[in-house]
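Reader: Could you take me through one part of this model up close? I'd like to hear how the helices pack there, and then where the aromatic rings sit.

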Amino acid sequence: MKDFNTDLFDPRAAIDSDYVLAASTSSPDSDFGFAFDDSNFSDRLLRIEIVGGSDETEPDFAGRSSVLDWARRKRRKEERKTENFLDLGKCPQQQVLTCDDPDMVEVLSLENPDEGPVAMIEESLSGDEAANGNDLNLDSPFFYKLFSNGMKESDQRLVTLRISASEEAALMELLNFMYCNSLSVTKAPALLDVLMAADKYEVSSCMRYCSRELRLLPMTPESALLYLDLPSSVLMAEAVQSLTDAAKQYLAGRYKDLIKYQEDILQFPLSGIEAILSSNDLLVASEDAVFDFVLKWARFHYPSLEERQEVLGVRLARFIRFPYMSCRKLKKVLTCIDFDHEAASKLVLEALFFKADFPHRQRALITDDSTSPSHPFIERTYKYRPVKIIELELPRQQCVIFLDLKREECISLFPSGRIYSQAFHLGGQGFFLSAHCNMDQQSSFHCFGLFLGMQEKGSVTFAVDYEFSARSKPSEEFLSKYKGNYTFTGGKAVGYRNLFGIPWTSFTAEDSIYFINGVLHLRAELTIKS
């Protein structure tokens, strides 16, 4: 243990009384740096006692390793906290306040406080402290209570804080900030250290300052994950909310293509996964794929079934949008051992109720859900569009599929794009619908086409009767547009290149009869031929 016995700041010259008067009557945002560590403006002493030597050097934040080094250093510091105890037996002359337990405060004066120099920060609390107490309390409730709350320790001249060597620089920056409203450090590791100190000593204004400065620095995947992995006390602070929001937005934007970056995202901690899955703009084949990825991530990070069930049930299930999963996948959720059975049953039941609900009720749920952080009822932009299915077994195996496409989605197909539906099943075989913008072979203009395809490849043959219909104005009822029958072999598709018999420009026009409130409603009926 060593005493910090040298002044950190050069002594200031005596200050003209007119200047002091001007400073004391200036706005709350004035710079009081002239009074920092100056006995002319203080009647209390704060003694900083350094425990142990520093075996760490501050990393350069320019590269990837710097962020990882800071995170490792933070973990090492947390592990060593148990080493910093309040040892009264070794300090008979005064009470020592360890920074890890600010509530254990009883400050006793030295028998000879003038004996030997000490490094000190002196707080000025004159007869005006009653009038100015609110401002000080806003700056740091910790130091306000320490020096001016009328308790026994507040009447003493000397208070000693015992800190580890690695906390020294951050604490001195923090104390200087309380006078000057600025920091001399600009790199992320140092700012993070000050942010942690500001949280510990309840200096919310400094937390906001550090948060703002960190947001101005270039964001990287490593720094974003680090900001989301700060101690819970820091993350809960309102002053840091804008920093964590920026980190979440960065991760959600950079890794929006879940399939493309799957291997990278698989290594992310829980906080990073939550940030990505909360996005409405996630690019993914379907919500079934989101479910499969979440299971893969959870099994990789939580080998213990009990821990995995807790993480999935408490933290991650709310980010899976079960109402947009296929019924086939929802059945698998009920038998998935990774989810608690009671919780899984509730999630599947809610999803099925949403699918079966009236459209106006669904829209109401979506509107109410817009403020939720997890958005369980809001549909993402899936590569494979969700469908609604009605299955019948008698008198013949039959299914009716409903596919809705927004006008913007249809317009984006021009000149040769395609939209695929999620898979659905009939007679044990997987099928899909695909909407196309293609050329009419007879008239040589672009038009809207609809096709039915079978997933399985190989020698399987399957005879199906099919009918395509669409809602149209003014009746807004489904009207049949094309009927046919086809014997499928794996990987084949059949349909009609110009479903509505009109050019593309007429189909997408503002007065088109096929868009009802901006949505194209399609229906396909499939029946297995006997």
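Author: Here's a walk around one helix and its two partners, followed by a look at the aromatic pairs.

Keep in mind that this is a predicted model. Let's start with helix α12, which spans residues 270–277, and take its partner α13 (residues 287–301) before the other one. The axes of α12 and α13 come within 12 Å and cross at roughly 175 degrees. Anything over 145 degrees counts as roughly antiparallel, so that's how α12 and α13 run relative to each other. On the α12 side you'll find L270, I273 and L277, and they meet V290, F293, V294 and W297 of α13. Sort the residues of this contact by class and you get 7 nonpolar, no polar and no charged.

Now swing round to helix α14, residues 305–316. Its axis lies 12 Å from that of α12, but here the packing angle is about 45 degrees. That makes α12 and α14 oblique to each other, because the angle falls in none of the parallel, antiparallel or perpendicular ranges. The crossing of α12 past α14 is right-handed. From α12, the residues involved are L270, I273, E274 and L277, while α14 brings V311, R315 and L316. This contact has a charged component: 5 of its residues are nonpolar, none polar and 2 charged.

So L270, I273 and L277 turn up in the contact with α13 and again in the one with α14.

On to the rings. The structure holds 27 aromatic pairs. In one of them, Y324 and F354 have ring centres 5.8 Å apart and planes at 65 degrees, so the pair is edge-to-face. Y324 sits in the loop between α14 and α15 (327–334), and F354 belongs to helix α16 (residues 341–356), so this pair links distant parts of the chain, 30 residues apart. Both Y324 and F354 are buried.

Another edge-to-face pair is F431 with F488, at 5.5 Å centre to centre and 80 degrees between the planes. This one ties together two strands: F431 is in β11 (residues 429–439) and F488 in β14 (residues 477–489), with the two positions 57 residues apart in the chain numbering. F431 and F488 are both buried as well.

Aromatics also gather in a group: F414, F448, F500, W504, F507, Y514 and F515 form one cluster.

One last stop is helix α8, residues 221–228, which is mostly covered, with 8 of its 8 residues buried. Among them are P221, E222 and Y227.

Note on methods. Residues are numbered from 1 along each chain as its sequence is written. This is a predicted model: local features need pLDDT of at least 70, side-chain atom pairs count only at pLDDT 80 or more; totals for chains, interfaces and linings use all residues. Side-chain values use heavy atoms; hydrogens and water are left out. Axes are lines fitted to C-alpha atoms, for helices over the stretch in contact, and angles run from 0 to 180 degrees between N-to-C directions. Helices (H or I, at least four residues) and strands (E, at least two) are DSSP runs, numbered from the N terminus. Angles under 35 degrees count as roughly parallel, over 145 as roughly antiparallel, 65 to 115 as roughly perpendicular and the rest as oblique. A crossing is left-handed if the near helix is turned anticlockwise from the far one by less than a right angle, and right-handed if clockwise. Contact means heavy atoms within 4.5 Å. Ala, Val, Leu, Ile, Met, Phe, Trp, Tyr, Cys and Pro count as nonpolar, Asp, Glu, Lys and Arg as charged, and the others, Gly among them, as polar. Buried means under 20% relative accessible area, exposed over 50%, partly exposed in between (1.4 Å probe, protein chains only). Rings of Phe, Tyr and Trp (its six-membered ring) pair if their centres lie within 6.5 Å; planes under 30 degrees apart count as stacked, over 60 as edge-to-face and the rest as tilted.
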